[in-house]
Amino acid sequence: QHLWTELAPSNRVRLFVVRKGNEMVCSAFAFTISDTLRVWKVGWSGAFKEECPNYLLWWHAMRWAKTQGFKQFDFVWVDAHDAELVARGETNAAAFRDGTTAFKLSFGGRLLLLPPVQCRFFHPLSRLAHRLGGGRLLASRLFQRALSRYWRSKGN
């Protein structure tokens, strides 16, 4: 709801819905960045499988993006294990862990892998603290709980 409230006035958000009669069968929440439409959240009731409502939903979203002048269409997510298989040239759907990977790849396009997570500290003391275990401290459950309590106390 917050994203819709923030992005709708500038026409940067779209909700796609497939209905059969009065029944909502599937929907997708998408937002735009530059020349790209990103379909972020998708849901399907499981009904009318034989009529392929998900294909209709995605195809309609792609056609809409094209008519609006978008140059790219982003499916946003593919299982990381499956993405590695595709990057190695393995496209056998039976090898994929997640059925959505084969579904999304069936539309064509290209798969882009994100670079690994990195961090850099510019201040020498921050860099030293991180090297001496600060990273492990920040990732620890104890620190996360303490930080959570701190922010909750600030909200009161």
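What span should the 15 residues of helix α2 (residues 53-67) cover at 1.5 Å a residue? The expected value is 21 Å, and the end C-alpha atoms are 21 Å apart, which agrees. The expected span is 1.5 Å times one less than the number of residues. Helices are DSSP runs (H or I, at least four residues), strands likewise (E, at least two), numbered from the N terminus.

The model is predicted: local features need pLDDT of at least 70, side-chain atom pairs count only at pLDDT 80 or more, and totals for chains, interfaces and linings use all residues. Residues are numbered from 1 along each chain, and side-chain values use heavy atoms, without hydrogens and water.

Helix α2 has buried residues (under 20% relative accessible area, 1.4 Å probe, protein chains only). These are P53, N54, L57, W58, A61, M62, W64 and A65. Their cover includes strands β1 (13-20), β2 (23-33), β3 (36-44) and β4 (72-74), and helix α4 (99-105). G69 follows α2 with a positive phi, near 90°.

The largest nonpolar core holds 16 residues. Such a core joins buried Ala, Val, Leu, Ile, Met, Phe, Trp, Tyr and Cys residues through side-chain atoms within 4.5 Å. F16, L37, L57, W58 and W64 touch the most other members. β1, β2, β3 and α2 each supply at least two residues. α2 gives the most, with six. Beyond its neighbours within four places in sequence, F16 is in contact (heavy atoms within 4.5 Å) with residues including C26, L37, L57, H60 and W64.

L3 lies in helix α1 (residues 2-7). L3 counts as partly exposed because its relative accessibility is 34%, partly exposed being the range between buried and exposed (over 50%).
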